[in-house]
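Open your viewer, find the selection box and keep it handy. We will go from stop to stop, and at each one you will have something to select and something to look at.

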Amino acid sequence: MLSSVTVVGSSLAGLSTARALRAGGYDGRLLLVGEEDHAPYDRPPLSKALLAGEAQEDDLALLEDGEDLALDVRRGVRAVRLDPADRAVVLGTGERVVSDAVVVATGAHARRLAAGEGLAGVHLLRTLDDARALRADLVAGSPRVVVVGAGFIGSEVASTARGLGLDVTVVEALAVPLAGSLGPQVGAAVARLHEDHGTRLLTGDGVAGLRADGGRVCAVVLADGRELPADVVVVGVGVVPATDWLHGSGVELRDGVVCDARCRTAVPGVLAVGDVARAVHGWTGTHLRLEHWTSAVEQAQVAAATLLGRDAPAAVTAPPYVWSDQYGTRLQLAGRVPPGAAPEVVEGSLAERPFAAVWRADGAPVAALAVGLPRTFGRLRRTLRPPVLAG
């Protein structure tokens with residue numbers, strides 16, 4: 001009989017799990033542990049509406065007005081250890097919480113540049129506090145902004161900074177941004193959004209270091225020796241799953257918490273959801289760690305059903321989906337782009353926007369991207385088929 005559940009991580013995945021448990025009829029103790037000293041909030045607006053000043057912090061709240069999930073909440077405290085024998089979560093305060101089940105929803109931490117430690121003007125963007133600090137720097141005078149990394153987060157920050165009228169340069173180590181997830185042709189087409197909106201894009205060159213003046217960053221030094229003047233530097237070079245507290249627990253760790261299609265780890269009574277979870281995806285049949293808003297919500301539903309002993313939903317079966325808003329244009333991607341596969345442009349052209357493309361495997365559509373064509377994307381998304389696994 002399930003009478004106590006501890007959810008470690010209080011952002012979207014963790015809160016969605018708590019919400020799904022209550023909706024499923026669970027009425028036992030439900031502890032929500034959050035490292036940040038904030039109520040659960042939505043992260044996508046951090047790089048867009050909140051950073052631009054178009055949304056207020058209250059607009060990010062994930063708990064609805066009047067919603068009462070009867071949570072026992074610990075804010076501003078880290079989980080530092082998991083004792084698997086009795087599913088005890090040890091907190092940084094020394095408190096030891098024993099539960100019938102533990103849901104790991106600790107997400108991920110932004111990667112740092114070692115050269116930027118301790119320098120004013122150097123920012124990550126993962127948390128509300130990060131967004132507050134970056135916003136303050138962006139609106140102070142007319143800063144020159146250098147964004148390191150042309151992935152979705154870096155590109156969204158660059159877009160927002162340009163919308164504020166700032167001078168923006170994006171530095172990307174790859175020859176073609178997003179080539180790993182979209183392939184070189186489509187990656188190049190998406191990257192043109194930067195230059196078309198006055199953002200300078202430098203590719204194929206890494207960052208060797210930062211130069212400071214009086215404790216504040218003043219330039220980015222590239223691997224080829226060039227220096228880019230900078231008042232603000234934003235580092236967007238990926239994330240690291242927040243799993244350090246699980247070492248020695250028996251939970252398998254491999255770029256995240258390894259779990260099955262029902263979000264169960266190898267340790268009985270311990271599940272994982274959200275950015276930290278490397279789960280078997282019901283659509284691909286393979287282990288995936290997805291840093292997607294929709295995946296967090298879907299996995300929360302699965303985890304709650306698993307804990308409550310219910311068959312449905314048995315797994316996440318929809319194609320992986322992610323979106324990004326850049327320069328007033330929405331990019332939407334669903335499915336998995338096969339390595340080396342050529343895109344088939346089905347509307348518009350790669351030379352101009354809007355456009356939509358699909359990728360096929362064995363003749364079946366397995367991925368779709370639309371840039372500025374949401375209705376087309378909705379139609380293409382419904383046609384996607386799971387990739388056929390070898391063997």
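This tour visits a packed pair of helices, a pocket, two cavities and two details of the backbone. Keep in mind along the way that you are looking at a predicted model.

**Stop 1: two helices side by side**

Two packed helices are described by the angle between their axes and the distance between the axes. Select helix H1, residues 12–23, together with H6, which covers 293–307. At what angle do H1 and H6 pack? The angle is about 40°, and the two axes are 8 Å apart. That angle is why H1 counts as oblique to H6. The crossing of these two helices is right-handed.

Now show the side chains where they touch. On H1, pick Leu12, Ala13, Ser16, Thr17, Ala20 and Leu21. On H6, their partners in the contact are Trp293, Ala296, Val297, Ala300, Gln301, Ala304 and Leu307. Colour this set by class and you will find 10 nonpolar and 3 polar residues, with no charged ones.

**Stop 2: the largest cavity**

Rolling a probe the size of a water molecule over the atoms shows where empty space is left. The structure holds 2 cavities of 30 Å³ or more, and the largest has a volume of about 60 Å³.

To see its walls, select Ala261, Cys263, Ala279, Val280, His281, Leu288, Leu290, Ser295, Gln299, Val302 and Val316. Strand E20 (277–280) and helix H6 each give two or more residues to this lining. Which element gives the most? H6, the helix from the previous stop, does so with 3 residues. By class, the lining of the largest cavity has 8 nonpolar and 3 polar residues, and no charged ones.

**Stop 3: the second largest cavity**

Next, select Ala150, Ser155, Pro177, Leu178, Gly187, Val190, Ala191, His194 and Gln326. These residues line the second largest cavity, which holds about 40 Å³ of space. Add helix H5, residues 179–196, to the view: the largest share of this lining, 4 residues, comes from H5. Here the classes divide into 5 nonpolar and 4 polar, again with no charged residues.

**Stop 4: the second largest pocket**

From the cavities, move on to a pocket. The second largest pocket has a volume of about 230 Å³. Its lining is made of 14 residues, and those closest to its centre are Lys48, Ala52, Glu54, Ser159 and Thr160. Select these five to centre your view.

Then bring in the elements that give two or more residues to the lining: helix H2 (49–52), helix H4 (152–163), strand E22 (321–326) and strand E23 (329–335). H4 gives the most, with 4 residues. How many residues of each class line this pocket? There are 3 nonpolar, 6 polar and 5 charged.

**Stop 5: two backbone details**

Most residues other than glycine have a negative phi, and most peptide bonds are trans. With that in mind, zoom in on Ala70, which has a positive phi of about 50° although it is not a glycine. Look for Ala70 in the loop between H2 and strand E3 (72–75).

Finally, select Arg353 and Pro354. The peptide bond that joins them is cis, with omega at about 0°. Show the ribbon here as well, and you can see that Pro354 lies in strand E25, residues 352–361.

Note on methods. Residues are numbered from 1 along each chain as its sequence is written. This is a predicted model: local features need pLDDT of at least 70, side-chain atom pairs count only at pLDDT 80 or more; totals for chains, interfaces and linings use all residues. Side-chain values use heavy atoms; hydrogens and water are left out. On a 1 Å grid over the protein atoms alone, a cavity is a set of points where a 1.4 Å probe fits but cannot get out, and a pocket is an open set with protein on both sides within 12 Å along at least five of seven lines; lining residues have an atom within 4 Å of a point. Grid points are joined across faces, edges and corners, and a volume is the space filled by probe spheres set on the points. Ala, Val, Leu, Ile, Met, Phe, Trp, Tyr, Cys and Pro count as nonpolar, Asp, Glu, Lys and Arg as charged, and the others, Gly among them, as polar. Axes are lines fitted to C-alpha atoms, for helices over the stretch in contact, and angles run from 0 to 180 degrees between N-to-C directions. Angles under 35 degrees count as roughly parallel, over 145 as roughly antiparallel, 65 to 115 as roughly perpendicular and the rest as oblique. A crossing is left-handed if the near helix is turned anticlockwise from the far one by less than a right angle, and right-handed if clockwise. Contact means heavy atoms within 4.5 Å.
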